[in-house]
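Please work through the following exercises with the sequence and the model at hand. Each task is followed by a solution in steps.

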Amino acid sequence: MTFSRRAVTASGLALLAAACSPAKKDAAPGLTKLKLATDWRAQAELGGYYQAVATGEFTRRGLDVSIVQGGPGVNVPQLLATGAVDIGVGSNSFIVLNLAKEGVPVKAVAAYMDKDPQVLIAHPGTGVDSIADMKGKPILLSDASVTAFWVWLKAKHGFTDAQVRKYNYSVAPFLADKSLIQQGYATSEPYLIEKAGGEKPAVFLLADDGYPAYASFALVTDQMIAQKPAQVQAISDAIAAGWKSYLYGDAKPGDALILKDNPEMTQDLLDQARDKMRSYGIVPKDGIGAMTDQRWAQFFEVAADQGVYPKTMDYKQAYSLTFLPK
């Protein structure tokens, strides 16, 4: 059994706009037509964006937004930089800082997940009762993860690259070997592992161990920020309202659009993912979309200390606090 979840980097950009064009439609009278590219196929982890479309949060702010569904090979930063889309979803803090490192004129203007949903998953009853207990044990990681949250784990817990085993987005190796630990999303893999293996795994959210990353960013170009700041604020506010409605109101409108866009998605996966986002505090009920200089500085310091970024890099070019949801 294989699962979703994106492992996207901002390097090696390739033009893919033609491969993922949204359905064409005329903008409603008086509304500004925009395209929003998600970072993966439609799922609950993108529910706030779909809910904002479905419930008219964009429309109420003068915007007619079409969603361009992401997937393997869809490069959101490239679509933004080339003008193929107007708004993008950034998966994690590394994506955002990679843009600044490469001089891509795109910024994060809101972070809708206050905690990165990244987890490590172990078998119960194997002596792994915390992330610290994983030192020296084999861990299944994707290539992208090795250059992302793995650098934080090495810095905090003294993990080494000798622990890394190749993760191919299948849980078959994990289910077959109780000594293995694997990466995952709190909202996805633990539930699917339990369904496939009949046993609830031990799940450890990196954020609860101090991992300072944000996730699920609204990305826009520097040009839009400079020329259309009111539009940027409207985008930020509409998505925040969509997330609040999706997680703490009636999710049916957003779910309907998700299921339409992604026929492989199921209602039980959507329902449990919403429960996980609430219970883990991944998307808080209050202050949705907030970011701070302090959190960004903390994240950058760890990554720079591990050689991911030059210590002299102006990491503040990666984001703007001007358009946080009101």
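The exercises go from the whole chain to single helices and residues.

The model is predicted, so local features need pLDDT of at least 70 and side-chain atom pairs count only at pLDDT 80 or more, while totals for chains, interfaces and linings use all residues. Residues are numbered from 1 along each chain as its sequence is written, and side-chain values use heavy atoms, with hydrogens and water left out.

**Exercise 1. Overall form**

Determine how many helices and strands the protein has, and assess its radius of gyration against the globule rule.

Step 1. The protein holds 12 helices and 10 strands; these are DSSP runs (helices H or I, at least four residues; strands E, at least two), numbered from the N terminus.

Step 2. The radius of gyration, taken over C-alpha atoms, is 19 Å, close to the 20 Å that the globule rule gives for 326 residues, so the protein is as compact as a globular protein of that length. The rule is 2.2 Å times the number of residues to the power 0.38.

Step 3. Along the principal axes, the C-alpha atoms fill a box of roughly 60 × 45 × 35 Å.

Step 4. Of the 326 residues, 54% count as buried (buried is under 20% relative accessible area, exposed over 50%, partly exposed in between; 1.4 Å probe, protein chains only).

**Exercise 2. Two helices and their cover**

Establish how far helix 9 reaches, and which residues of helix 1 are buried.

Step 1. Helix 9 (residues 229-248) has 20 residues and reaches 28 Å from its first C-alpha to its last. This is close to the expected 28 Å, the expected span being 1.5 Å times one less than the number of residues.

Step 2. Of the 20 residues of helix 9, 14 are buried, and the helix is mostly covered.

Step 3. In helix 1 (residues 47-54), six of the eight residues are buried, so the helix is largely enclosed by the rest of the structure. The buried residues are Gly47, Gly48, Tyr49, Tyr50, Gln51 and Ala52.

Step 4. Just after helix 1, Gly56 takes a positive phi of about 80°.

**Exercise 3. Ser145 and Lys260**

Decide whether Ser145 and Lys260 are buried or exposed.

Step 1. Ser145 lies in helix 4 (residues 143-146) and is buried, at a relative accessible area of 6%.

Step 2. Leaving aside residues up to four places away in sequence, Ser145 touches Trp150 and Gln183 (contact: heavy atoms within 4.5 Å).

Step 3. Lys260 belongs to helix 10 (residues 252-261) and is exposed, with 68% relative accessibility.

Step 4. The C-alpha atoms of Lys260 and Ser145 are separated by 30 Å, and the two residues are 115 residues apart along the chain.
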